[in-house]
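User: Could you take me through one pocket of this protein in detail? I'm new to this, so please explain the terms as you go.

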Amino acid sequence: MAQVQLYDTTLRDGAQREGISFSVTDKLDIVRRLDELGIHFIEGGWPGSNPKDIEFFNRVRKISLHNAILVAFGSTRRPKARAANDANLRAMVDAGVKAVTIVGKSSALQVSQVLETTLDENISMIADSIRYLKAKGLTVFFDAEHFFDGYKANADYARRCLAAAAEAGADCLVLCDTNGGAMPNDITIAVEAAKAITSVPLGIHTHNDAELAIANTLAAVSAGVTQVQGTINGYGERCGNANLCSIIPALKLKMGIDCVTDAQLGRLTEVAHYVSEVANLIPDPFSPYVGFSAFSHKGGLHVSAVAKWENSYQHVDPAMVGNQPRVLVSELSGKGNIIYKARELGISLPEEGKEAKNILERIKWLESHGFQYENAEASFEVLLRRAQPGYQSPFELVDFMVVVEARRRQPTRRSPEETLSEAMIKVKVGTEIMHTAAEGNGPVNALDQALRKALLQFYPSLAQVKLVDYKVRILEESGGTGSQVRVLIESSDGVNEWRTVGSSANIIEASWMALVDSLEYWLLKEKASGES
Ligand SMILES: [Zn+2]
């Protein structure tokens, strides 16, 4: 198979996704990561459209890139104007890059309905603009907008647009499924037609409106396209662009096209998560290849198979894309999951014998009472450790009391009201019993404060642990006992994050359970790292 060049447009097309707004610094950081990933072309933005992108191009020049070539984006000159006088084209030249991508119309309908000019003038706009940029010594990629729709409606005109771009000196003709509605077979037919009229290399740019962006991209590659455009995590307008995080491993691992090195592919998951972090979007756990759950095994049958033969339920080795397998613990688990997880945590559980079976029984019971361990692995670990013979808990609750009091600030006015929460707790550490009280902005916060107050005297390093997220879910009402509440707490010590769970008909008790698991988990880790 021919070599394929990867072209990333996360910073331009990707940023069109609802909710994404990259600062210049964000964009520079992403450029570095994309370069490390082995992307060949990075489209930085549209300098003619906004000052932020001009600033980006001024600053990106100072970064030395190892693999990638920066690309500036823009559109063909305006109708009935001269390329040399076009501010947008000049901005592309002024961006100081070696390569540019210029978008032009290749659909006759779009030319008459949207551009409102003649078909011939559009052809001149394409040719003039490309000639102008080529004369400046630039590598020029031509994005043939709406090519596939245009080809279906008026094949002759779509072909004329490509021929004009090729004749004007374009280095690559990128066929765009701008509206994202093409089917893989449409792509194959149109790519074949393009190949018949030109020997200039072809590219593919697809959108995901029919959830076919990746399939269409791969169909185009099979038909002979050599430049692939897409975005990290498939970010992009509407339903997104073609997702490079799936395309890259598909090309390399499935189609035998060595578009990145093994080491670069191994950074894929990290880069995917990094970009979502910068975009301020939660990484989708179910993303193929890079998702947290992409290689997770829940069913007992699968887990026992995976324990015997790793590849029995995975299509590729997760390590190749920088991901890792995960075994989930739930009531669907078999004994194998428990033993596998315990081994992962460095706890030895005999394959035969009652221990694993007892823990599984306990988990099944707890899950029927609203606990869930799939997203609360720290609680699961604490549960396993507590079941170990001779386990000594770093602290034990003797009792607690929480008072919530509502006061009216001004008796004459209905609001605002002030709510005060206070918690009193008694905990035992070793042989000592500590009795503390604390206030908080809510009952859980007050409990958290009081517990820390007691424990800090024994474990001062606990001060680094922070509660970063607190989620409450009301579970289905069961047998007249009232709603069961599940609390999930996410904690962090600035380096690591972990999640714990509690469940009860009482929200305070459920929160307490999750809170205790969180602190106990961290203290166990801390103790283990001190010993090793
Ligand atoms: Zn696009």
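Analyst: Here's a walk through the second largest pocket, followed by the zinc site. First, this is a predicted model, in which local features need pLDDT of at least 70 and side-chain atom pairs count only at pLDDT 80 or more, while totals for chains, interfaces and linings use all residues. Residues are numbered from 1 along each chain as its sequence is written, and side-chain values use heavy atoms, with hydrogens and water left out.

A pocket here is an open set of points on a 1 Å grid over the protein atoms alone, where a 1.4 Å probe fits, with protein on both sides within 12 Å along at least five of seven lines; lining residues have an atom within 4 Å of a point. The second largest pocket has a volume of about 680 Å³, counted as the space filled by probe spheres set on the points, which are joined across faces, edges and corners.

Its lining takes in 36 residues, and R12, D13, W46, F73 and V103 lie nearest the centre. Among the elements supplying at least two lining residues each are α2 (51–60) and β3 (69–75), but β4 gives the most, with 3 residues. (Helices are DSSP runs of H or I, at least four residues, and strands are runs of E, at least two, numbered from the N terminus.)

Now, D13 also turns up at the zinc ion: the protein donors there are D13 (OD), H205 (NE2) and H207 (NE2), 2.0 to 2.2 Å away. Donors are N, O and S atoms within 2.8 Å of the metal (3.2 Å for Na, K and Ca), and water is not among the atoms, so sites may look incomplete. Along the chain, the donor spacing reads D-x191-H-x1-H.
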